[in-house]
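Hi there,

I am passing a structure on to you, and I would be glad if you could have a look at it. My notes come right after it.

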Amino acid sequence: MDNDDKLIASLEAFLTNDVETLKGNIEKLIKDYSRKSRRLDKIIHQSDKQQRELLELNEELERTYAELDEYKNHLEEKVEEGISEIKGLNVEIEETQKEVVFTMGAIGESRSKETGNHVKRVAEYSKILALAYGMDEDEAEMLKQASPMHDIGKVAIPDAILNKPGRFNEEEFEHMKLHAELGYEMLRHSSRSLLKAAATVAYEHHEKWAGGGYPRNIQGKDIHIYGRITAIADVFDALGSDRCYKNAWDDEKIFKLFKEERGKQFDPQLIDLFFENLDAILDVRDRYRDIFTD
Ligand SMILES: [Fe+2]
Ligand SMILES: [Fe+2]
């Protein structure tokens, strides 16, 4: 073998080796590729599964949200129903309370043969004066409801005295005067603000601004504003109505007395407010006029 042959032989051997190596490398690469591809498939498969699970979870969450929403709406409806029921009950209680208080007042007055309209007019006059005095709407409304009870104590005064024609003798008058304290005693134990106000009205509606009234002979602003207002409303209405012991006075005579009693029997400020609001007061008198059928 010459040199050239040797060279060719070693070149062939080298190439053969190299091709084998190359083949081995390619096989390895193919194996590696298919392993990686299987892994990739597995991963893709797994992430598909996860994605499906996520979607399912999402749908489930949406269903739960919808259920919660429905429940919330239902609950809101129930709460609203409950609230409107409570409101309805409150209105009912308030209306009943007003009616009971008004009826009690009318009972007191009917004992002395006064009309139901007397207490209605006194109620309205009291509210007009209360608002003019600066009381807020709620308190003025409460006084309107409480003032009809000013004479509730008369339920405990005998008919023979209450309905006596003509003037009382001194003993009868002393007996009659008890109605203020009796009314107060009947009402003062209540914790309701309306009945407390009514107790004050019953107690103090015969007190006089300059003193000399009953039952305690208190004066000026020591007399509660409820008492001072109801006093004017009650006297104005009583003087303008026929009673068993007198005929109704005409307006001029009443206004003259009110001017004379300004600062004596009555709170001077309230008398001024009475005249300033006379139109509204006379409107009430027209609206609740006594109608006698016989
Ligand atoms: Fe009275
Ligand atoms: Fe009265």
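Below are my notes, going from the whole chain to one helix.

This is a predicted model: local features need pLDDT of at least 70, side-chain atom pairs count only at pLDDT 80 or more, and totals for chains, interfaces and linings use all residues. Residues are numbered from 1 along each chain as its sequence is written, while chains are lettered from A and ligands numbered from 1 in the order in which they are written.

The chain has ten helices and zero strands, where helices (H or I, at least four residues) and strands (E, at least two) are DSSP runs numbered from the N terminus. Its C-alpha atoms fill a box of roughly 175 × 35 × 35 Å along the principal axes. The radius of gyration is 49 Å, whereas a compact globule of 294 residues would have one near 19 Å (taken over C-alpha atoms; the globule rule is 2.2 Å times the number of residues to the power 0.38).

An automatic or database domain assignment gives domain 1 (1–100) and domain 2 (112–287). Their centres, over C-alpha atoms, are 85 Å apart.

Buried residues account for 26% of the 294 (buried: 20 or more other C-beta atoms within 10 Å of its own; exposed: 12 or fewer; partly exposed: in between; C-beta atoms are placed from the backbone).

Now to helix α6: ten of its twelve residues are buried, so the rest of the structure largely encloses it. Among them are Leu194, Val201 and Tyr203. For residues 193–204 the expected span (1.5 Å times one less than the number of residues) is 16 Å, and the end C-alpha atoms are 16 Å apart, which agrees.

Best wishes
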